[in-house]
Amino acid sequence: MAVYAIGDLHGCIVELEALLRLVRFDWQRDRLWFVGDLINRGPHSLEVIQLVRGLGRQATVVMGNHEFRAILGLCRGGSPYFREHMSYLAKAPDADGILDWLLGLPLLHWDPELGCALVHAGLSPRWSLDSCVRRAEELSTILTDTLARVDFFHHNEDRSFPTLETDGMHPLDRYWLELTVFTRLRRCTAEGRFLWPGAELGRGDNPFLPPSNDSPFRAWYDVRPWAAGEKVIYGHWASAGLTIRPHSFGLDSGCVYGHGLTAMRVDDPKHPVFQVSSRAYVTPD
Ligand SMILES: [Mn+2]
């Protein structure tokens, strides 16, 4: 039995199937981990959802920012972005089933046997792994409870947010920040405080790339105080490309932009990496 982690798919089912052929995926025995962002931007989001849901317990999926965007659109009737880019979801024959499935996706998966965590964007440098696990579980409790979810969404509708993580936040603000950290973290301050995406726009270097040496900001994985043996697989940072470090494995190689789809073997301590080429379906924003 092998366990493969797969980078951000964004509807690229042709590339996923090619990658599974490349690793000789055993449909009876092997397992797949997905870093999230299965959908949007690319051509076959519904087919990817169908394939991954069909794998049942063979697949472990964490929620990406695009899955959360889909949840917001399906629950709240849809932003202009949702109407323009995600109407395929609202029109899907099993839209209610898809929404339930999306709401059930964890923000973080921790596998004690493999000693490895899976998250879409990253782990805050200020939270221990135990704390991350607890916070992710709290968020899932809110998202899967109808009343708590309505309250949570209502509280955070059309608000502006602080650009930096602060102490003593209102619980509903804190949950929103935690969800954003798990699904959108890239950069933080040198002290590891979360920097709201886009907050540093216009302050020098390109915020989509890993910070330059003279930037006041850092990539989250360069600041996190890693515990011995701690390992995290993540995606979300396509412009950084495949980024393998001793404790962190960034697998978003930008498939939908034509830079290939990546898989990494999780259960092999050497963590071999496999890649297939991809078509450029869209250009980066
Ligand atoms: Mn993402």
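**Helix α3, a hairpin and the nonpolar cores**

In this predicted model, helix α3 buries a good part of itself: N65, H66, E67, F68, A70, I71, L72 and G73 all count as buried. The helix runs over residues 65–76, twelve residues in all. From its first C-alpha to its last, α3 reaches 16 Å, close to the 16 Å expected at 1.5 Å a residue. As for what sits over those buried positions, the cover includes a run of other helices, namely α4 (80–85), α5 (87–90), α6 (95–103), α7 (129–143), α8 (146–155) and α9 (171–184). Just after α3 comes G77, a residue with a positive phi, near 90 degrees.

A glycine with positive phi also turns up in a hairpin, the one built from β4 and β5. Strand β4 covers residues 108–111 and strand β5 covers residues 116–119; the two pair in the antiparallel sense, with four bridges between them. One of the residues involved is W110, whose bridge partner in β5 is A117. Four residues lie between the strands of this hairpin, and the phi of G115 is near 65 degrees.

Turning to the packing, nonpolar side chains in soluble globular proteins tend to be buried together. Here the largest nonpolar core has 78 residues, and I6 and F34 are the members that touch the most others. Helix α9 gives this core its largest share, seven residues. Separate from it is a second core, made up of twelve residues, with W33, V62, L118 and M264 among them. Which residues does F34 contact, once its neighbours within four places in sequence are left aside? The list runs through I6, L9 and L16, then V52, L55, A59, T60, V61 and V62, and ends with L118. I6, then, is both a contact of F34 and the other residue that touches the most members of the largest core. V62 and L118, also in contact with F34, belong to the second core.

Finally, the cysteines. Searching the whole structure turns up zero disulfides. For C132, the nearest cysteine sulfur is that of C188, 12 Å away, and C132 is in no disulfide. A disulfide would need the two sulfur atoms within 2.5 Å, so this pair does not qualify. Seen from the other side, C188 is likewise in no disulfide, its nearest cysteine sulfur being that of C132. Are these cysteines buried or exposed? C132 has 0% relative accessibility and therefore counts as buried, and C188 is buried too, with a relative accessible area of 0%.

Key. Residues are numbered from 1 along each chain as its sequence is written. This is a predicted model: local features need pLDDT of at least 70, side-chain atom pairs count only at pLDDT 80 or more; totals for chains, interfaces and linings use all residues. Side-chain values use heavy atoms; hydrogens and water are left out. The expected span of a helix is 1.5 Å times one less than its number of residues. Buried means under 20% relative accessible area, exposed over 50%, partly exposed in between (1.4 Å probe, protein chains only). Contact means heavy atoms within 4.5 Å. Two strands pair if DSSP finds at least two bridges between them. A nonpolar core is a set of buried Ala, Val, Leu, Ile, Met, Phe, Trp, Tyr and Cys residues joined through side-chain atoms within 4.5 Å.
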